[in-house]
Amino acid sequence: MVVVTGMGAVSALGTGIDAHRAALWEGRDGIRTIERFETAGLASHLGAMWPGWDGLVQTTAKEAEDLVASVAPFPVHELALIAAREAWSSAGVRDVDPRRAAIVFGTCYGQTYVEFSAVTERIANALDLAGPRVTVSTACASSTNAIGLARDLLLRGHADVVIAGGADALLREPFAGFSSLGVLSAEKCAPFSDPPGTTLGEGAGFVVLEREADASKRNANVWTRVFGYGLSADGHHETTPDPSGDGLRRAMRWALADAGWDARAIDYVSAHATGTHNNDRIEHSVIARELASALVSGSKGHIGHVQGAAGVLELILAVICHREGCVPPTLHFRGARPGCATDPIASSTPREAHVERALKLSAAFGGANAVLAYGADVATKKEPIAPARVVITGHGVVGPNGALRTTDLLALDGSKKLVGACRGVDLDALGVDGRRLDRSSRWLTAAAAIARRKRAPAESTGLFVAATRMPTESSMRCTESIRQRGAIGTSASAFARMSVNAPAGACSRALGLLGPTSTLSIDDGSGLLAIALAAEWLSVRDDATAILAGAVDEPCGRYEEETEGAACVALERASDPRAGEIAVASWGIAGRDGARDAIARAMSGRTGVDGVFVDGSLPDAREWLAPNAPLGVTLAQSFWGTAHATRSCAMAAAAIARLEAGHGESALLVATRGASSVAVVIERTRPR
Amino acid sequence: MNDDVPEDLALYLERRERALAEVRKLLASIIDFSGDAEDIDPDASLFGAGLGLDSLDAVEILIGLEIDLGIKLEGDDPMRLGLRNVNGVVDAVMRARGELQ
């Protein structure tokens, strides 16, 4: 069991938990007229800005035309750090080994579209957290997903304390993009009510999570408990939720199953409730059908849609109310829109209600859904799922020369280095309609289609993607549309396709993958993290039969020897693996420069492996080789140019191909240069 | 232009060619068409098997018509606006300009 022992919040309502509590009981929202950038001609002039940045000018006129160059004087880590420091100090964690203190940070746009993992590292450095540092970017589900992943890191023993949350600033381009998509309201966001449309906001929220035993040992204040979570892909559309609501329903059911809860026992739901016509109607239909007796409300009338931080801030608002025996209201409700909740706690102030079991729902662009199960429940005893073996059933790699065959993978031995742009892949031959896919989406979808080989049913196959930045082509198209036509001409499709998780969404749609999905980064080595997290998911959960762990890189012009492409490894849950299959035996994650810690965890109980594959640098790599190890030590950068996400995943595919070809029985895969260090051991299963 | 063609028809055809060129240019920019914009078939359907556009691209078409061609269509559903194929967009452009007979 994992508990929340600290919380911190920064939003349009103010700075700090107390300010948020006060605003809730005053019935106040934080929505105002936007002054920091020009909104003439756009669908709304309202935003939910953090008051701390009032009076500052966001960009110069020239920079404002250039999406990538519009580096505002608003470093998003400033917002994040205020909330993170409050959460951390209120948790009062002392005497923790910094290497066992982790962070999982969710964001849509990072530091003005350019830095993602770097923001996470700044927060971690400021708080002296030297454990795993993971960035989640599943658009507006990012921070909900981050809290779930933080819980996993604690339960699986990868850390002893984790701070999790998210942050996003209100930037001009997403505002214009939302305007082009026709989802902004000219009035204050009124979830489930009229007029439809959302209000964008900014802010940051963090929670500190610990295992219950550790928290009670030090008599820590417990705000709430996290019981489980679910992730799913709609596989439907970039920006519109699946009209059937099946995507959100799957995430909800999987969260309930993870918590061991019955849907009828849910007391309260903090809805995503963006205020848009499609979201509210579809979300309400799912809630009404699945959780008939639950109270429902949405917080975007208070704080706007805080993008990557929406989930965690809405959770925090709800938990503040639960402590006082209440649930938060839905502001600005003037009667239900057709097909929407008729009483979403329509009030200006919190309403009394006892909440034992609650859900926080998030449904994001790219069709990524995340649902968190939290509350005070101490009665439920959930039977753990018997851990399963995880086998590797396929791999696909797309690089500068297009799709790599097995012989190409075996030839990745350092004698030749692949560098440069990808020249293309034949998607038609893979049965994929690639006409409306940008470069990142094409490469990822091709690698995933090659890896999948149609073994597990697509609808129960998940997709974990390593991506360290926004897709270059779509970002540039979005920038170009603003440059040519002004903010009112922002390309809706390019905007929707430039999210970090857009390639994952496109791949889910193209291949019909409806299982758990996430998009993650630790910068260098991200691909290996995706493999490790997918393997762990399959070994301890039964809501997916397979997960494709992929990675994609599109050159952005900021690095030497940039290498474009994607790689993907197909993993499958196998209760009884056949002898001779390649399995993921174990894995470990540690902080920056913590490769030895990660390897120690991955190698536990093992004396040596037949090969060590390193993305980064590991001077004493031979230490982990068995005597006469046939595969020796291979450095990924000897055969693959700069590709922060893809290289370690392509390295894994190269190692797997060697084991499949009988060149060895086991291999240790290590990524040493990212925000986290990752080590994974793969081996051939033996006959029983 | 053929001398046998009546003058008003010639004018109509000229305007239609101009509108088609503008629409092709707009569509080519939306779909990132690598070939010559003139290769876009006027009878090609916008969605599904034709150009393969999706609903986000439909939003782009409406924005492009408004900003690049100065034509504001009332409503936001391309199907209801008759924008099923390339010629449908050309019709809409000409109708808005009062050029459709």
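This is a guided tour of selected places in chains A and B, to be followed with the structure open in a viewer. The model is a predicted one, and the stops below are arranged so that each selection leads on to the next.

**Aromatic pairs in chain A**

Begin with the aromatic rings, for which a search of the whole structure finds nine pairs over all chains. Select W50(A) and W53(A), which form one of these pairs in an edge-to-face arrangement, with 5.5 Å from centre to centre and 80 degrees between the planes. W50(A) is buried at a relative accessible area of 9%, and W53(A) is buried as well, with a value of 3%.

Move next to Y229(A) and W537(A), whose ring centres are 5.5 Å apart and whose planes stand at 80 degrees, so that this pair too is edge-to-face. What does this pair tie together? Y229(A) belongs to strand 9 (residues 224-233) of chain A and W537(A) to helix 17 (residues 526-540) of chain A, so the pair links parts that are 308 residues apart in sequence. Both Y229(A) and W537(A) are buried. While Y229(A) is still selected, add R541(A), which lies over the face of the Y229(A) ring at 5.3 Å from its centre.

A similar arrangement can be found by selecting R21(A) and W25(A), where R21(A) lies over the face of W25(A), 4.5 Å from the ring centre. To finish with the rings, select F178(A), F365(A) and F495(A), which together form one aromatic cluster.

**Two helix crossings in chain A**

Two packed helices are described by the angle between their axes and by the distance between those axes. Return to helix 17 of chain A and show helix 19 (residues 646-660) of chain A beside it: the two pack at an angle of about 60 degrees, with their axes 5 Å apart. Helix 17 of chain A and helix 19 of chain A are therefore oblique to each other. To see where they touch, select S526(A), G527(A), L528(A) and I531(A) in helix 17 of chain A, which meet S648(A), C649(A) and A652(A) in helix 19 of chain A. By class, this contact of helix 17 with helix 19 of chain A comprises four nonpolar residues, three polar ones and no charged ones.

For the second crossing, select helix 5 (residues 142-155) of chain A and helix 11 (residues 310-323) of chain A, whose axes come within 5 Å and cross at roughly 75 degrees. That angle makes helix 5 of chain A roughly perpendicular to helix 11 of chain A. On the side of helix 5 of chain A the contact is made by S143(A), T144(A) and I147(A), and on the side of helix 11 of chain A by A310(A), G311(A), V312(A) and L315(A). The residues of this contact between helix 5 and helix 11 of chain A divide into four nonpolar, three polar and no charged.

**Loops of chain A**

Stay by helix 11 and select Q307(A), which is placed in the loop between helix 10 (300-303) and helix 11 of chain A. Phi of Q307(A) is near 50 degrees, a positive value in a residue other than glycine, and Q307(A) is buried, with a relative accessible area of 1%.

Now select N628(A), in the loop between strand 23 and strand 24 of chain A. N628(A) likewise has a positive phi, of about 55 degrees, although it is not a glycine. Is N628(A) buried or exposed? N628(A) is exposed, with a relative accessible area of 78%.

A626(A) is also placed in the loop between strand 23 (611-615) and strand 24 (632-635) of chain A. Leaving aside neighbours within four places in sequence, A626(A) is in contact with G608(A), V609(A) and D610(A).

Then go to the loop between helix 6 (172-180) and strand 8 (203-211) of chain A, where P195(A) lies. The peptide bond from D194(A) to P195(A) is cis, with omega near -5 degrees.

**Chain B**

Finally, show chain B, whose secondary structure comes to three helices and zero strands. Of its 101 residues, 43% count as buried. Select helix 3 (residues 86-96) of chain B, which is mostly covered, since eight of its eleven residues are buried. The buried residues of helix 3 of chain B, among them V89(B), V93(B) and M94(B), pack against helix 1 (7-31) and helix 2 (55-68) of chain B. The last selection is G98(B), which follows helix 3 of chain B and has a positive phi, near 70 degrees.

Notes:
Residues are numbered from 1 along each chain as its sequence is written. Chains are lettered from A and ligands numbered from 1 in the order in which they are written. This is a predicted model: local features need pLDDT of at least 70, side-chain atom pairs count only at pLDDT 80 or more; totals for chains, interfaces and linings use all residues. Side-chain values use heavy atoms; hydrogens and water are left out. Rings of Phe, Tyr and Trp (its six-membered ring) pair if their centres lie within 6.5 Å; planes under 30 degrees apart count as stacked, over 60 as edge-to-face and the rest as tilted. Buried means under 20% relative accessible area, exposed over 50%, partly exposed in between (1.4 Å probe, protein chains only). Helices (H or I, at least four residues) and strands (E, at least two) are DSSP runs, numbered from the N terminus. A charge sits over a ring if NZ of Lys or CZ of Arg is within 6 Å of the ring centre and within 35 degrees of the ring normal. Axes are lines fitted to C-alpha atoms, for helices over the stretch in contact, and angles run from 0 to 180 degrees between N-to-C directions. Angles under 35 degrees count as roughly parallel, over 145 as roughly antiparallel, 65 to 115 as roughly perpendicular and the rest as oblique. Contact means heavy atoms within 4.5 Å. Ala, Val, Leu, Ile, Met, Phe, Trp, Tyr, Cys and Pro count as nonpolar, Asp, Glu, Lys and Arg as charged, and the others, Gly among them, as polar.
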